[in-house]
Amino acid sequence: MNEIMAIWADWLKPSAGLPTVQWSILMAVAAAAGHLLQRHTGLPKVVGYSAVGALAGLAGFTGGAWPLQGIGLFLLELGVSVVLFEAGGRIALRWFRHNPMVLLQSLLESTLTALAVYGALRWMDVSPRVAEAIGLIAVAASPAVLSRVIMDMRASGPVTERALALSTLSCLYALTLVSARAGLLHRPVTTLWETLYPVAVVLGLSFVVGAVLALSLRMALRVMSPTSENTSMMLIALIAAATALAAHFGGSAPLAALLGGMLLKQLNPRPWAWPRQLGTAASLLTMLTFVMVSVVAAKADWSHAVAGLVAAVVLARGAAKIAGVVAANWGSGTTWRQAVWTGSAMSPMSSVALLLVQQFMTSSLTLGPRIAAIALPAILLMEVLGAIICTVAIHRARESSRTDIGDAWSPAVGDMRG
Amino acid sequence: MESDAPRAAAAPPAEVALEPFQQSAALSLGVELELQLVNTHDYDLAPYSEEMLRLMSRYELPGAVVPEMTSSMIEISTGVCTSADQVLAELSLIRDALVKSADRLNIAIVGGGTHPFQQWHERRIYDKPRFRELSELYGYLSKQFTIFGQHVHVGCPDPDAALLMLHRMSRYIPHFIALSASSPFVQGQDTQFDSARLNSVFAFPMSGRAPFTLSWTEFGHWFARTTRTGVVRSMKDFYWDIRPKPEYGTIEIRVFDTPLTVSRAAALAGFVQSLASWFLNEQPFMPQEDDYMVYTYNRFQACRFGLEAVYVDPVTGLHMPLREHIMMTLRQIGDHARQLGASYGVQLLAEDAEAGTNDARWLREKHQRERLLAEVVRQGAGKFRGPV
């Protein structure tokens with residue numbers, strides 16, 4: 001493939017550079033694959049995007065240099081930020097006051113996930129620091145995959161809403177802890193303050209950027225309609241600015257967007273009408289992140305040893321997420337069965353996890369590659385498999401409005417919600 | 001109490017006897033309200049009825065909470081009440097429990113006859129054999145039946161008195177529609193109607209009005225002839241604007257849109273009770289079959305124009321503003337309202353009639369200011385959870 005690209009590059013001099021052409025064609029193929037896959041198999045479109053990205057990565061596609069840098073990294077961060085801003089805007093803090101069990105479900109599933117993955121990797125003789133890093137990365141579910149699946153299935157209901165809220169919170173924890181932990185990878189930590197200080201710095205700086213973003217939008221919404229196309233464009237532009245600034249100040253760009261979304265929801269309780277208006281531009285950006293994640297993740301070195309470790313991570317993570325949600329389900333308003341579907345719907349790992357791996361990569365030349373060697377295949381697997389599990393879970397919970405896809409996964413009569 | 005939804009009728013032809021008219025205290029009241037469940041993100045309808053029913057079962061409440069046709073609806077009902085005050089007290093208790101349950105699920109409850117911007121094709125039929133059967137029979141109409149009404153039962157001393165009450169009450173159908181109208185928006189558009197909800201009811205067979213007879217025996221013969229055709233199996237298969245409800249010993253008025261507040265729901269029940277008291281105690285007029293010559297026109301006027309409608313007097317043919325006729329009626333029943341303790345609600349309705357304000361107007365005003373139907377729903381949810 002590289003030879004073909006080299007020949008092509010010799011006689012083609014596109015105005016925006018060859019990588020732009022390569023990525024554009026890859027995106028076009030991914031869009032077609034996603035559509036056709038869903039139409040003919042009922043699988044979520046994101047599986048098609050990921051498959052195309054993975055095939056391109058395995059074929060040696062040169063557009064996804066790892067670790068990510070420059071415009072590629074920025075686009076990934078922007079895609080994640082847009083999704084997390086919207087996901088953060090769905091988190092109403094008053095819900096946790098009325099139903100603290102939901103917050104407990106979130107804390108429990110995240111803690112159990114980190115511990116279970118750490119334990120599984122330690123049991124398989126992975127070094128403590130690598131196991132710890134992967135444990136933290138595994139905490140992050142993927143609101144991006146989940147929201148794409150929800151959109152494709154036109155899903156709504158308690159399982160859907162709760163899975164999205166818990167996934168978003170899991171990203172909040174993972175982004176905070178990893179951003180702080182990555183900086184301390186090679187430093188011996190002696191006191192509690194030394195552990196908490198970087199967490200506070202990352203959270204604080206991200207909060208400041210998120211607050212500026214939220215306040216800017218709050219002011220804009222006083223004079224602009226949320227349904228206006230211009231409001232959507234301004235939203236993306238401001239998130240892009242915040243994304244570029246947050247990391248520069250020492251915070252985390254996706255974390256700033258997530259906190260900005262949460263803060264705006266508190267400041268502006270009016271309905272969020274703009275996600276529908278964000279439309280194709282945001283969808284394209286999100287698709288780009290899925291393709292980019294799989295292109296990059298597919299370049300990881302696979303071996304029997306890695307496959308075993310990946311299987312351990314995926315199984316421990318899946319079991320812990322379900323167990324955490326189920327364990328704190330009592331009194332939370334959903335049934336045990338719904339709790340199982342909620343935990344299952346949180347299976348996907350994608351762009352947020354990749355950004356977390358990237359943070360470890362840039363922080364440590366020695367540990368970073370070892371972490372990536374296990375995490376990247378796990379991310380690729382759980383972007384595809386996770387999306388399928390998520391689709392099945394929502395179907396089984398009977399929260400899809402679409403009847404033309406996934407009939408095979410629909411429950412029999414009498415095996416309905418609850 | 002039962003659903004507003006029409007029933008399937010696939011049984012083989014067989015004559016079915018009309019069930020006996022049960023005893024009930026004259027002027028006793030029962031109120032049913034169909035309510036919307038919406039999410040708190042974009043305020044679209046949210047399929048949470050099963051979860052709401054589960055949480056509501058933990059409260060000791062009067063009346064009942066039951067599922068409705070689609071899973072974004074829930075129906076509450078009072079027990080048998082003696083006054084509008086009791087209706088208000090019971091509805092307030094149930095409302096408070098509903099709000100608490102909704103808060104736990106991160107959703108909101110809203111009144112109103114329609115959800116302003118929901119898409120009917122996104123609705124899901126509640127998982128219950130009867131609703132599935134209806135869905136198979138009526139196809140998309142069953143999902144378009146995601147509309148929300150208030151039903152008021154009023155106790156009648158005997159079956160003949162119930163039919164007399166029913167046909168007298170028919171003259172006031174436009175009044176009920178105009179005062180309760182709260183469904184101007186459908187599928188994201190202003191329909192220009194104050195009550196667009198009733199247009200959805202018209203699509204079903206067996207809608208409209210009851211046949212004119214003032215004798216329960218004669219009504220029984222008519223019912224037997226109808227059941228012989230196999231088109232209906234029981235009284236529940238008729239979804240007339242007003243229908244007798246023999247198993248409760250009541251007549252049931254079904255044209256009200258669900259109001260935005262329980263206080264308005266109780267006021268409307270007080271209006272019905274006061275009218276019924278006027279009928280029973282003063283026998284002010286005798287209904288005629290010819291009353292129905294202007295019935296459909298008056299009904300349409302009230303649905304379309306609300307309190308600004310024209311009312312055609314069925315006896316004289318005189319055209320007059322409906323508002324004036326409502327105010328005149330409320331004055332006529334004033335003494336009865338006072339005796340029944342319903343005068344506060346009736347007075348509120350009179351003030352609204354005079355000012356030309358109903359819930360449909362409130363919704364339109366909010367939309368004019370906000371330019372966002374989702375925000376109108378959010379403010380409607382705030383209004384529903386208010387004190388009373």
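A salt bridge here is a side-chain nitrogen of Lys or Arg within 4 Å of a carboxyl oxygen of Asp or Glu. The model is predicted, so local features need pLDDT of at least 70 and side-chain atom pairs pLDDT 80 or more, while totals for chains, interfaces and linings use all residues. Residues are numbered from 1 along each chain as its sequence is written, chains are lettered from A in the order written, and side-chain values use heavy atoms, without hydrogens and water.

Select chain A and chain B together. Three salt bridges cross their interface by that rule. For one salt bridge, show the side chains of A:Arg94 and B:Asp103, which meet at 3.0 Å, N to O.

Stay on chain A and colour H5 (93–98), H9 (158–182) and H13 (274–297), helices being DSSP runs of H or I, at least four residues, numbered from the N terminus. Each supplies at least two residues of the side that touches chain B. H5(A) gives the largest share, three residues.

Next, select the whole contact (heavy atoms within 4.5 Å). Chain A brings 37 residues and chain B 27 residues.

Now go to H9 of chain B, residues 262–282. This helix has 21 residues and spans 30 Å from first C-alpha to last, close to the 30 Å expected at 1.5 Å a residue, where the expected span is 1.5 Å times one less than the number of residues. Of the 21 residues, 17 are buried (under 20% relative accessible area, 1.4 Å probe, protein chains only), so H9(B) is largely enclosed by the rest of the structure.

End at B:Gln283, just after H9(B), where phi is positive, about 40 degrees.

Notes. Buried means under 20% relative accessible area, exposed over 50%, partly exposed in between (1.4 Å probe, protein chains only).
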